[in-house]
Amino acid sequence: MTFHARLAAAGLMLAALGAGACSPEGGRPAEGGAVGAEPIATSGDVHAFRIGALQAAALRDGTLALPANDAEMSPWPPAQTAVVLTTAGVADGTIHLSIQPLLVRDGERTVLIDTGAGGEMGTENRLPTSLRAAGVEPGQVTDVLISHAHGDHIGGLTADGALAFPNATIRMDAATWEEIREEPRLADLTRLITPKVQTFEAGAAVTPAITAVALPGHTAGHSGFEIASGDERLLYIGDALHSSIVSVRAPELRNAWDADSALAIRTRAGLLDRGARDGLRIYGVHFPFPGVGRFERGPDGFSWVAEGGEAAPSGPAAAAG
């Protein structure tokens with residue numbers, strides 16, 4: 001089985017632009033963090049920051065290192081990818097992807113966006129430790145938002161045959177939930193999470209401060225999330241873009257992990273164009289930790305500018321965070 005197939009299978013195995021969305025009237029942003037919550041402290045696996053009055057934190061789960069010249073490992077065409085990496089100053093010919101779910105304190109709610117790989121796909125399963133380092137026990141998570149059903153996003157939903165976040169409502173696009181339920185290999189997962197799942201459609205306010213945004217092409221129902229507080233916004237882009245180098249500098253390259261390549265390319269191009277034009281604050285779940293920054297348009301195309309950093313961070317040192 002190729003790495004592409006293993007990645008897709010991992011997304012369905014577990015245990016065995018659109019235009020920018022505006023929050024509807026019923027989803028007006030909550031101001032401030034959870035009542036009585038202590039400020040989130042930054043540590044090696046936790047990067048705390050704010051979105052207006054909301055507390056948020058990038059939580060490190062693991063990393064992936066994909067040799068660009070290996071057609072079974074890299075989702076992009078090897079020859080073209082090598083050129084992109086070399087131009088960006090990446091000397092080792094490796095695509096480095098981080099995995100960092102996002103924690104948001106939204107009024108009375110403690111929200112986790114995506115759940116990491118659960119130790120699968122060669123990752124470290126650091127999310128449980130990162131979550132506790134941020135001052136949150138798994139039972140305190142009230143809402144888990146799922147961008148799509150690949151293993152590095154839903155792998156942490158269960159642990160040891162039980163719900164990893166036993167008190168949380170699990171929210172996902174209806175098409176994502178249908179995909180999970182129709183996969184025989186996910187029968188155990190489906191049984192565990194069915195009582196907890198609530199589906200949404202694009203544009204819905206899934207919490208008071210968070211609106212689901214359609215980012216089509218990667219999977220059916222692939223969703224981003226706009227987090228709003230006052231005049232500040234952060235857009236969680238899921239897997240609309242994977243690499244802060246390849247996806248940003250060469251958005252037109254076919255990505256074998258995308259279900260609908262042409263549509264995914266249009267989504268990437270739209271995100272980059274609107275992001276650079278409007279100065280959108282972006283959260284890239286696979287970008288170098290902690291994944292917060294903006295897109296910038298230059299004479300040779302787009303680049304990623306990490307918050308507080310320089311344009312186009314690249315190479316293994318940057319990817320390691």
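The exercises below concern strand pairing, aromatic contacts and confidence in a predicted model.

Residues are numbered from 1 along each chain as its sequence is written, and side-chain values use heavy atoms, with hydrogens and water left out. In this predicted model, local features need pLDDT of at least 70 and side-chain atom pairs count only at pLDDT 80 or more, whereas totals for chains, interfaces and linings use all residues.

**Exercise 1. Describe the environment and the partners of strand E14.**

Step 1. Strands are DSSP runs of at least two residues, labelled E and numbered from the N terminus. E14 spans residues 223-229, and seven of its seven residues are buried (under 20% relative accessible area, 1.4 Å probe, protein chains only).

Step 2. Consider each face. Ser223, Phe225, Ile227 and Ser229 lie on one side, Gly224, Glu226 and Ala228 on the other, and both sides are covered.

Step 3. Identify the partners; two strands pair if DSSP finds at least two bridges between them. E13 (residues 210-214) runs antiparallel to E14 and is joined to it by five bridges, with Ile210 opposite Ile227. E15 (residues 232-236) also pairs with E14 in the antiparallel sense, over five bridges; here Ala228 has Arg233 as its bridge partner.

Step 4. Inspect the turn. The hairpin of E14 and E15 has two residues between the strands, and Gly230 takes a positive phi near 60 degrees.

**Exercise 2. Classify the pair formed by Phe287 and Trp304, and locate its two residues.**

Step 1. Rings of Phe, Tyr and Trp (its six-membered ring) pair if their centres lie within 6.5 Å; planes under 30 degrees apart count as stacked, over 60 as edge-to-face and the rest as tilted. The structure holds six aromatic pairs.

Step 2. The centres of Phe287 and Trp304 are 4.7 Å apart and the planes are at 75 degrees, so the pair is edge-to-face.

Step 3. Phe287 belongs to the loop between E16 (282-283) and E17 (292-298), and Trp304 to E18 (residues 301-306), so the pair ties together parts 17 residues apart in sequence. Both Phe287 and Trp304 are buried.

Step 4. Elsewhere, ring pairs link Phe200, Phe225, Tyr236 and Tyr283 into a cluster.

**Exercise 3. State how confidence varies along the chain.**

Step 1. pLDDT is the predictor's confidence in each residue, from 0 to 100. Its mean for the protein chain is 88, and 84% of the residues reach 70 or more.

Step 2. Over residues 1-36, pLDDT is below 50. It also stays under 50 over residues 310-321.

Step 3. Where pLDDT is low, predicted coordinates should not be read in detail.

Note on methods: Buried means under 20% relative accessible area, exposed over 50%, partly exposed in between (1.4 Å probe, protein chains only). Helices (H or I, at least four residues) and strands (E, at least two) are DSSP runs, numbered from the N terminus. Contact means heavy atoms within 4.5 Å.
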